Amino acid sequence: MNAPLPLLKGTLDTVVLKALAEAPMHGFEITTWLEARAGGPLDVTDSALYQALYRMEERGLVEAEWGTSDHNRRARYYRLTGVGRRHLKEETARLVRFTQALHRILLAPGKA
C-alpha cells in the first residue's frame, strides 16, 4: 500500500471546499471523498480537517448544522456558502496556474 500523500501547505481548505461543492458532508464523508478523488490515502489528520472546517465557518465559506449520518449517528454537516463558492473558484484558478507553471519547470528539457 502506498504511503499517505501529504497535501501542500495551503491546499487543505481548497480541496475541502471542492468536496463540499458536490454536496453537504460530514467530516468522514469529506475524507472519503478526497481519498477517492486522489486515488489513495491523503495525510490529513482529523484535527487538521476540523480546524480547517471551523476556520472556514468563521470566514463564512461554509455553514454547518447537526444531522444524522447514514449510520444513524449524530454528525455535523458542512455546506458551501456563496462566499465559499467564489473563494473556491478563485483558489482553483490560482492553484491550476501554479501547478501548470510547476509542470513546465519540472519537465523542461535541459541538464539534470
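Strands are DSSP runs of E with at least two residues, numbered from the N terminus. The structure treated here is a predicted model.

**Exercise 1.** Determine where N72 lies and whether N72 is buried or exposed.

*Solution.*
Step 1. Locate the residue: N72 is found in the loop that runs between β1 (62-68) and β2 (74-80).
Step 2. Examine the backbone: N72 is not a glycine, yet its phi is positive, at about 60 degrees.
Step 3. Apply the cut-off: a residue counts as exposed over 50% relative accessible area. The value for N72 is 67%, and therefore N72 is exposed.

**Exercise 2.** Establish how the axes of helix α1 and helix α2 cross, and which residues meet.

*Solution.*
Step 1. Identify the helices: α1 comprises residues 12-22 and α2 residues 27-38.
Step 2. Consider the axes, which come within 10 Å and cross at roughly 100 degrees.
Step 3. Classify the angle: 65 to 115 degrees counts as roughly perpendicular, so α1 is roughly perpendicular to α2.
Step 4. List the contact: from α1, the residues V15, V16, K18, A19, L20 and E22 meet I30, W33 and L34 of α2.
Step 5. Sort this contact by class: seven residues are nonpolar, none is polar and two are charged.

**Exercise 3.** State how many cavities of 30 Å³ or more are counted, and describe the lining of the largest cavity.

*Solution.*
Step 1. Count: there is one cavity of 30 Å³ or more.
Step 2. Give the volume: the largest cavity has about 30 Å³.
Step 3. Name the lining: T31, L34, E35, L42 and V44 line the largest cavity.
Step 4. Sort the lining: three residues are nonpolar, one is polar and one is charged.

Key: Residues are numbered from 1 along each chain as its sequence is written. This is a predicted model: local features need pLDDT of at least 70, side-chain atom pairs count only at pLDDT 80 or more; totals for chains, interfaces and linings use all residues. Side-chain values use heavy atoms; hydrogens and water are left out. On a 1 Å grid over the protein atoms alone, a cavity is a set of points where a 1.4 Å probe fits but cannot get out, and a pocket is an open set with protein on both sides within 12 Å along at least five of seven lines; lining residues have an atom within 4 Å of a point. Grid points are joined across faces, edges and corners, and a volume is the space filled by probe spheres set on the points. Ala, Val, Leu, Ile, Met, Phe, Trp, Tyr, Cys and Pro count as nonpolar, Asp, Glu, Lys and Arg as charged, and the others, Gly among them, as polar. Axes are lines fitted to C-alpha atoms, for helices over the stretch in contact, and angles run from 0 to 180 degrees between N-to-C directions. Helices (H or I, at least four residues) and strands (E, at least two) are DSSP runs, numbered from the N terminus. Angles under 35 degrees count as roughly parallel, over 145 as roughly antiparallel, 65 to 115 as roughly perpendicular and the rest as oblique. Contact means heavy atoms within 4.5 Å. Buried means under 20% relative accessible area, exposed over 50%, partly exposed in between (1.4 Å probe, protein chains only).
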